[in-house]
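Me: I should be grateful for a close look at a single part of this model, followed by a connected account of other packing arrangements.

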Amino acid sequence: MCGIVGYIGHREAYPIVLKGLQRLEYRGYDSAGIALYDGKDLNMCKTKGKVADLQERLEKEMSTSGKLGIGHTRWATHGVPNDVNSHPHFSNSGNLAIIHNGIIENYDALKKELSTRGYTFQSDTDTEVLINLIEDVMINEKIQLGKAVQIALNQVVGAYAIAVFDKTKPNEIVVAKLGSPLAIGIGEGEFFIASDASPFIEYTENAIYLEDEEMAIIRLDKDIKIRKIQDDSLVNPYIQKLQLNLEQIEKGGYEHFMLKEIYEQPLAIKDTYRGRLLVNEGIIKMAGVEDNMKRFLNADRIIIVACGTSWHAGLVAEYIFEDLARIPVEVEYASEFRYRNPVITEKDVVISISQSGETADTLAAIKLAKSKGAFVFGVCNVVGSSIARETQAGAYTHAGPEIGVASTKAFTTQITVLTLIALRLARAKGTMSSTDYRRQLQELELIPEKVKIALKADKHIQEIARTYKDSPNMLYLGRGYNFPVALEGALKLKEISYIHAEGYPAAEMKHGPIALIDENMPVIIVATKKGHYDKIVSNIQEIKARKGKIIAIVTEGDEHVRELADYVIEVPETLENLSPLLTTIPLQLLSYHIAVMLGKNVDQPRNLAKSVTVE
């Protein structure tokens with residue numbers, strides 16, 4: 001989950017590496033470090049804390065000169081977050097430096113073997129073991145850095161994206177990838193290395209994304225050489241034009257990225273269905289679906305695999321696919337899927353959902369499904385990501401970069417894509433009348449404007465947040481399509497405010513959670529008019545009878561629930577299956593404002609990182 005960045009070229013490396021770390025801090029922020037080489041001295045500074053802490057310390061303690069530099073922002077796996085365990089790490093000789101995103105699973109055995117050969121270790125990290133293994137190979141085999149990296153990586157088990165350099169060869173950086181993302185930016189007489197393209201978008205629009213088990217030797221004034229790690233075969237580099245601009249990764253006047261991304265949802269949803277939803281023609285165009293229509297229509301079932309917020313989007317999709325297209329759906333945690341020996345056949349369609357396209361558990365689930373002959377369809381946001389390359393077909397969400405760790409626009413755009421797929425399949429299968437189909441298309445086109453209306457409740461939601469910000473627990477309830485919304489609302493609150501919250505199907509309240517309800521328990525309940533409205537009202541009355549504090553998400557104009565609830569938040573009316581695209585908006589804002597009022601770091605909540613690239 002860590003962020004890595006590097007530079008070699010004609011510019012001063014420090015400002016490039018520092019800014020790159022700031023942009024990658026969503027990937028981890030336990031600690032950070034930078035190493036710079038000026039041709040004579042190899043200087044390094046690293047510290048527990050954020051990149052801002054590193055900058056303050058570094059500029060006081062060491063020279064910032066040098067045309068070669070690497071940097072790292074860490075999400076701790078091996079070893080607690082402290083100065084010593086921070087990256088970069090040096091080899092025992094001090095000649096080699098490394099940054100690493102991932103996890104080396106057999107590091108302990110390697111460490112014991114290296115210790116018998118006289119190597120000592122300053123940190124508790126698996127990364128320091130790796131750099132000394134590389135040095136050991138160089139010395140024993142009398143070979144250069146690139147070949148030593150290749151031999152060493154064939155001895156490790158785990159995942160990695162690494163950048164390594166040898167101060168005796170200051171014109172070269174060696175990089176490699178397995179399971180963790182790695183992009184190489186190609187400029188004029190300069191190269192950039194990063195976990196994604198955001199650190200170098202103002203310098204070049206040309207990038208190479210390494211595939212798994214590939215390594216590259218980057219030398220100034222020479223073409224990049226890419227090889228397969230296992231068999232040393234050469235790979236022709238594929239240079240992509242970046243689909244990213246600087247404005248997308250800046251805050252744009254908002255206090256936090258999360259708030260910016262909440263407010264970007266009307267445009268993000270529109271961008272997601274743009275070119276796919278043709279209302280006037282009454283059609284949905286999705287090449288990934290059209291080209292594989294027989295696989296979808298002949299499927300015995302659809303299995304959705306995802307983690308976190310993407311799993312909640314999958315739960316919404318389960319209702320949509322089964323209701324509209326009448327295809328059986330199972331939704332699985334990707335993190336559990338591969339370990340329970342699932343029954344998968346060639347008649348299954350597996351839909352994998354991931355914001356980053358790099359989620360390690362979801363990638364592992366994809367590989368398992370493919371090995372069993374299932375057709376795998378990907379839904380992700382990042383063009384060229386591992387999941388986009390690993391799946392057999394797919395659809396991008398076009399949400400734009402999501403920097404805030406707590407996902408918002410990824411959720412609504414994933415639901416939008418999955419709704420489009422379900423509607424297209426429903427039409428192909430004949431499970432929906434022409435009238436209902438047209439109505440669905442028309443209503444989906446109106447969703448962005450209705451999200452804008454839902455966002456107008458922001459001031460009112462701030463008032464509610466002020467009232468309940470000190471509550472130690474909250475309960476979220478929903479039925480049908482809005483049960484997953486309750487789960488997502490609770491997750492958002494937990495992630496950024498650290499308040500304990502649980503989401504439940506409202507009908508399950510009487511089967512246990514009602515024991516928690518008293519005058520101190522706020523209950524957030526999604527109570528829109530479409531879908532089990534009378535049942536939800538009964539649930540609200542049960543909560544009221546036990547003096548629970550009720551915050552209700554209701555359809556505009558609802559007066560019945562208003563009489564019962566302590567607070568109501570209105571959203572525009574829409575079709576039942578589209579309601580999650582609206583009801584989730586006030587829950588995102590409520591979590592955001594509570595966290596801000598509690599003084600939490602909204603964009604970088606503790607212990608979390610945006611892209612989970614290790615299991």
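Is Ile-184 buried or exposed, and what is its relative accessible area?

Reply: In this predicted model, Ile-184 is buried, because its relative accessible area is 0%, and buried means under 20%. The residue belongs to strand β9, which spans residues 183-186. Leaving aside residues up to four places away in sequence, Ile-184 touches Val-175, Phe-192, Phe-200, Asn-206, Ala-207, Ile-208, Leu-210, Ala-216, Ile-218 and Ile-224. Val-379 lies 195 residues from Ile-184 along the chain, and 24 Å separates their C-alpha atoms.

Val-379 leads to strand β21, which covers residues 375-380. An open sheet of five strands, paired in parallel, has the order β19-β18-β20-β21-β22. Since β19 (329-333) and β22 (393-396) each have a single partner strand, they stand at the edges, and one side of each is left without a neighbour in the sheet. From one strand to the next, the twist averages 20 degrees. The parallel pairing of β21 with β22 runs over four bridges, and Cys-380 is placed opposite Tyr-396 in β22. Helix α10 (residues 308-325) packs on this sheet through β18, β19 and β20, its direction making about 175 degrees with that of β19. Helix α12 (residues 360-371) also packs there, touching β18, β20 and β21, at about 165 degrees to the direction of β20.

Two helices also pack on one another: α3 (residues 107-116) and α4 (residues 126-141) have axes 9 Å apart at an angle of about 50 degrees. The arrangement is therefore oblique, and the crossing is left-handed.

Notes
Residues numbered from 1 in each chain as written. Predicted model: local features only at pLDDT ≥ 70, side-chain atom pairs only at ≥ 80, totals over all residues. Heavy atoms only, no water. Axes fitted to C-alpha atoms, helices over the stretch in contact; angles between N-to-C directions. Parallel < 35°, antiparallel > 145°, perpendicular 65-115°, else oblique. Left-handed = near helix turned anticlockwise from the far one by under 90°. Buried < 20%, exposed > 50% of the residue type's maximum accessible area, 1.4 Å probe, protein only. Contact = heavy atoms within 4.5 Å. Pairing = 2+ DSSP bridges.
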